[in-house]
Amino acid sequence: MKFRTKIFLAIVLPSSALVAVAVVVALARITLEYEEQARDQLSRSREAFEGTITEQLNQLVALSKPFEGARFEEAIREAVDSGDLKTIQQQLDYQFQLVGGAPEFYELRDKKDKVLLRKSPERDAKPAPPQKWRDPEKALTAFDGHPFLAIRYEHEKGTLVIGKLITGTLSNLKKSFQIEIALVDHGTTVFSSLPDWSPAMGAEGAVYVGRTRYLAVPAPPAFSELTPVVFMADMSPVDRARLQALLFGAGGITVSILVAVLVSMLISTGISTPVETLVEAAHQVAAGDFKVKVEIGGQDEIGRLGSAFNEMTEGLRKRAEIMNKTLSPEVAEEFLKNTERRPERRTVTIVFMDIRGYTSGTEGMDPAEVMEMLNELMDLLSKAIVRNGGIVNKFLGDGLMAMFGAPKPVEGHALKAVRAGLEMQKWMARWNDRRVARGLNNFFSGIGINTGQAMCGKVGAQDRMEYTLIGEEVNLASRICGKAAPKQVLITKQTYDLVKDEIKVKELEPVTVKGLSYPIKVYEVLE
Amino acid sequence: MRLTLALLLLCSPQESATISGKVSAPEGAAQKKLRAKIKYAGPGVENHTAPDPSPAVVWLEKVPAVKMEPKTVEIRQEGLEIRPRVVAVPLGSTVKFPNQDDLFHNIFSYSKAKRFDLGRYPKGESKSETFDTKGQIDLRCEVHDFIRGYIHVFDHPYYAVAAEDGSYSIPKVPPGKYTLVAWKEFFEPVRQEVEVKADGAKVDVTMARFEDRPSDRKVGSACCDAR
């Protein structure tokens, strides 16, 4: 997992959890407080409803006392016996005028449920069938689809029902308490302050009318024949509060995500990208490219790390340069590959060079001048060697030793060594020309070349080693060099055998060398 | 039959007999219920005194009308009751209704034989009504639901209000065959065929109960117009 991902999660997860907890707590509080309020409201509304309806019922009872009396009994008797409705109608009209107005509903039936008189808000409504005559104790009822408070007067010959429409009362209750009221009569809505509500939507608990949630409580009074009487509180403020809490939560989480994105972007540009650059650069350095430089600005720790990295690579680069100067790159590579001292036998061509008359030639010279001169010369000569595929193995004061075919095998190492020798002499001649031009004295060198088997490997102490060649053939090359006249390149028979097709030579008198009892055949290389 | 009766009456005016007997009215549950229903309750109970007896009325049905001298009868409103409770008068009689209570009454009737409304009037005042149609008139008081009274108007003399023990006698009845009707508050009217001989007839009547037909229950309702 990337660092910036970790930071992102470290910000998003705890802050989101915090916001989520806050939202849950808020929702719980909203539920507790608002729902409780709604229930209180419903409970109070219900009490008010019962109180109001009971009061109205009492008024109705008080006003309608005469309807129980002898006159109505006799008038109903007459109406039922004779079929003449004049008297009962007169009685009703008279009584209604006394109480200040006719009720919205009245009905007179005989004992066989034949309707004799009727008044209803629904003029054409058919009277309810006999079996739907109401329980006399239950004053809250419905006629022709309207809610009524009704009183029944049972007389000997018939029954008179007088009903007061309570639609207005219900509407007032709705206004006063800001609740919805619905009255249902055996599945049929006879009143609903919510026109879209139907009993099928439910009458208890959460009820959805359209997209609005209501809290419904069925609460028919004891004297109600209607089932149910429902009180509903509009829960949309609660839902709004809930939505707000959720939006707040969503907003909080969004902000935390944004912050996290911002921070992780900062981290990314400020830390991750530079670190990745550094990692890439470090890989390059590991692969040996010391020229790599990272470009990380800023004065912060990362910027300083970048600078330090550059300093480090710079340091490494310098060290590598020194290594390349002191060791040849191939040898350095050999060391890098393996530091174990495991020698191997190899056929190589060894080149020795030595300046003739060095001691006498440098006599009286400033040592610094000598050093400069040597450096100039060695630079030229080692270039010639390297150009021909050889490796300067070591500088030996006024001479050097070079090898062809170690540590890596070189195709045609003998020929390449001979050519290097020739080139060295050529460069040295030009160098001498320049010295003459500057009024300086000349130096000449002899070069000896031999080809043969030698032990190649790292030699030295555990903590300080060098790569070298050891063997008689090496010594022979050195001895041959000693025999070479200034400007001369001498090669042995082994070398000659390998280059005779390419190089012109002049065979010289065999020479005797130190450590060998027999004379050695030598050839002078001629261009 | 009427012709025969008329002939009988014409031919032998001195020949007459008496129908006598006893109306027994054993009360059942329905009667007790009705009685309970009209039991006095409400304000002014301390002024209430026991209602008058409610005797049976017995008469002959479908006899020819006989011109009779009208009477003047008094029915008092007293002790929150109508007294006497049951009255029988000849056609054309006048009934006075004095109020002797310290409160208003409002006697009225919606009976077919006589519709009237006396209105309310204080103690000491009286109003009267003349009854020109035969039949039964149920008296009610608008103010006091439980108050009941009955007037029976006849266009012939063959009727009697029974005594408290139910005994009655209808005198001066020409011998012949008749239908006797017995009425009593809280009961169904009873009709009974009688044959009156020269020495009269003895007819005991038992009132019918109607507890098995509660939907037809009546509190002294008008039952019979053939008087």
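**Exercise 1. Contacts and burial in chain A**

Among contacts in chain A between residues at least 6 apart in sequence, what percentage join residues at least 24 apart?

Solution. Two residues are in contact if their C-beta atoms, placed from the backbone, lie within 7 Å. Of the contacts in question, 62% join residues at least 24 apart. This is a predicted model, in which local features need pLDDT of at least 70 and side-chain atom pairs count only at pLDDT 80 or more, while totals for chains, interfaces and linings use all residues. Residues are numbered from 1 along each chain as its sequence is written, and chains are lettered from A and ligands numbered from 1 in the order in which they are written.

Next, take burial: a residue is buried if 20 or more other C-beta atoms, placed from the backbone, lie within 10 Å of its own, exposed if 12 or fewer, and partly exposed in between. In chain A, 32% of the 527 residues count as buried. Chain A has 12 helices and 18 strands; helices (H or I, at least four residues) and strands (E, at least two) are DSSP runs, numbered from the N terminus.

**Exercise 2. Met403(A)**

State in which strand Met403(A) lies, and whether Met403(A) is buried or exposed.

Solution. Met403(A) belongs to strand β13, residues 399-404 of chain A. There are 30 C-beta neighbours inside 10 Å, so Met403(A) counts as buried. Neighbours within four places in sequence left aside, the contacts of Met403(A) are Val348(A), Ile350(A), Gly390(A), Ile391(A), Asn393(A) and Leu469(A). For Asn393(A), the separation from Met403(A) is 10 residues in sequence and 6.4 Å in space, C-alpha to C-alpha.

**Exercise 3. Helices α1(A) and α5(A)**

Describe how the axes of α1(A) and α5(A) are arranged.

Solution. Two packed helices are described by the angle between their axes and the distance between the axes. Axes are lines fitted to C-alpha atoms, for helices over the stretch in contact, and angles run from 0 to 180 degrees between N-to-C directions. The axes of α1 (residues 3-63) and α5 (residues 236-286) of chain A come within 9 Å and cross at roughly 170°. Therefore α1(A) is roughly antiparallel to α5(A); the cut-offs are under 35 degrees for roughly parallel, over 145 for roughly antiparallel, 65 to 115 for roughly perpendicular, and oblique for the rest.

**Exercise 4. Helix α2(A)**

Which span should the 13 residues of α2(A) have, and how many of them are buried?

Solution. The expected span is 1.5 Å times one less than the number of residues. For α2(A), residues 70-82, that should be 18 Å, and the end C-alpha atoms are 18 Å apart, which agrees. Of its 13 residues, 11 are buried, so that α2(A) is mostly covered. Among them are Phe72(A), Ile76(A) and Val80(A). After α2(A) comes Gly83(A), with a positive phi near 80°.

**Exercise 5. Backbone exceptions**

Locate a cis peptide bond in chain A and a residue other than glycine with a positive phi.

Solution. Most residues other than glycine have a negative phi, and most peptide bonds are trans. The bond joining Ala406(A) and Pro407(A) is cis, with omega about -5°. Pro407(A) sits in the loop between β13 and α10 (413-437) of chain A. Lys487(A) has a positive phi near 65°, and its place is the loop between α11 (472-483) and β16 (489-492) of chain A. Lys487(A) counts as partly exposed because it has 15 C-beta neighbours inside 10 Å.
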